Structures are given as structure tokens and as C-alpha cells.
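Here is a quick tour of one small set of strands and side chains. Have the structure open beside you as you read.

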Amino acid sequence: MSEVHYCGKCDRQQQPREGESCKICGKKTISWHTHRESAQDAKRKWKQINI
């Protein structure tokens, strides 16, 4: 599976089944398709929703 949920604050990934909030800090994560999006794209997308 190439979809993970990404937290830009903790710079970590978690499986979608673990929820939309980061298990460490509680911030909202974004869906990151690792096979078609770069890490920079994921970080930028995360910042757009967590400003």
C-alpha cells in the first residue's frame, strides 16, 4: 500500500487505519501517496492545512 497519513510537525507517517490525527502530537495528518508524491509535496500539503 502506498498511501500513508503524514504529520509534518513530527515528520512521521502512520497507517490510514490509525486515524487522521497524529498519534504523537494530535495535529491533523494528510493523505500521502508515496509512489506519486515527493516528501516535499507532502510537507507542503500538510502546512496548507496546519497553519
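What follows covers the strands, then two polar side chains, an aromatic pair and a couple of cysteines.

**The strands**

Keep in mind that this is a predicted model. A good place to start is strand β1, which spans residues 3-7. Four of its five residues are buried, so β1 is largely enclosed by the rest of the structure.

β1 has pairing partners in both β2 and β3. With β3 the strand runs antiparallel, joined by four bridges, and E3 has H33 as its bridge partner there. With β2 the pairing is also in the antiparallel sense, this time over three bridges. Here H5 stands opposite Q14. The hairpin of β1 and β2 has four residues between the strands, and D11 takes a positive phi near 55° in it.

**Two buried polar side chains**

What does the side chain of Q14 reach? Q14 sits in strand β2, residues 12-14, and its side chain gets to the backbone nitrogen of K23 at 3.2 Å. Q14 is buried, at a relative accessible area of 2%. Setting aside neighbours within four places in sequence, Q14 touches V4, H5, G19, S21, C22, K23 and T29.

T29 belongs to the loop between β2 and β3, the latter covering residues 30-33. This threonine is buried too, with a relative accessible area of 6%. Its side chain goes to a backbone oxygen, that of E20, at 2.6 Å. Beyond neighbours within four places in sequence, the contacts of T29 include H5, Y6, C7, Q14, W46 and I49. Also among them are G19, E20, S21 and C22.

**The aromatic pair**

How many aromatic pairs are there? The count comes to one. The ring centres of Y6 and W32 are 5.4 Å apart with planes at 75°, so this pair is edge-to-face. Planes over 60 degrees apart are what earns that label. The pair links distant parts of the chain, with Y6 in β1 and W32 in β3, 26 residues apart. Y6 is buried at 5% relative accessibility, and W32 is buried at 9%.

**The cysteines**

Now for the sulfurs: the structure holds zero disulfides. C7 is in no disulfide, and its nearest cysteine sulfur belongs to C25, 3.6 Å away. Why is there no bond between C25 and C7? The sulfur of C25 is 3.6 Å from the one in C7, which is too far for a bond, because a disulfide needs the two sulfur atoms within 2.5 Å. Is C25 buried or partly exposed? At 29% relative accessibility, C25 counts as partly exposed, whereas C7 is buried at 1%.

**Accessibility side by side**

Here are the residues discussed above, with their burial.

| Residue | Relative accessible area | Class |
|---|---|---|
| C7 | 1% | buried |
| Q14 | 2% | buried |
| Y6 | 5% | buried |
| T29 | 6% | buried |
| W32 | 9% | buried |
| C25 | 29% | partly exposed |

The cut-off behind the class column is simple: buried means under 20% relative accessible area. C25, at 29%, is therefore classed as partly exposed.

**Putting it together**

Several of these threads meet at T29, whose contacts include Q14, Y6 and C7. Q14, in turn, is in contact with H5, the residue that stands opposite Q14 in the pairing with β2.

Note on methods. Residues numbered from 1 in each chain as written. Predicted model: local features only at pLDDT ≥ 70, side-chain atom pairs only at ≥ 80, totals over all residues. Heavy atoms only, no water. Helix = DSSP H or I, 4+ residues; strand = E, 2+ residues; numbered from the N terminus. Buried < 20%, exposed > 50% of the residue type's maximum accessible area, 1.4 Å probe, protein only. Polar contact = N/O pair within 3.5 Å; in protein donor to acceptor, adjacent residues only side chain to side chain. Contact = heavy atoms within 4.5 Å. Phe/Tyr/Trp six-rings, centres within 6.5 Å; stacked < 30°, edge-to-face > 60°. Pairing = 2+ DSSP bridges.
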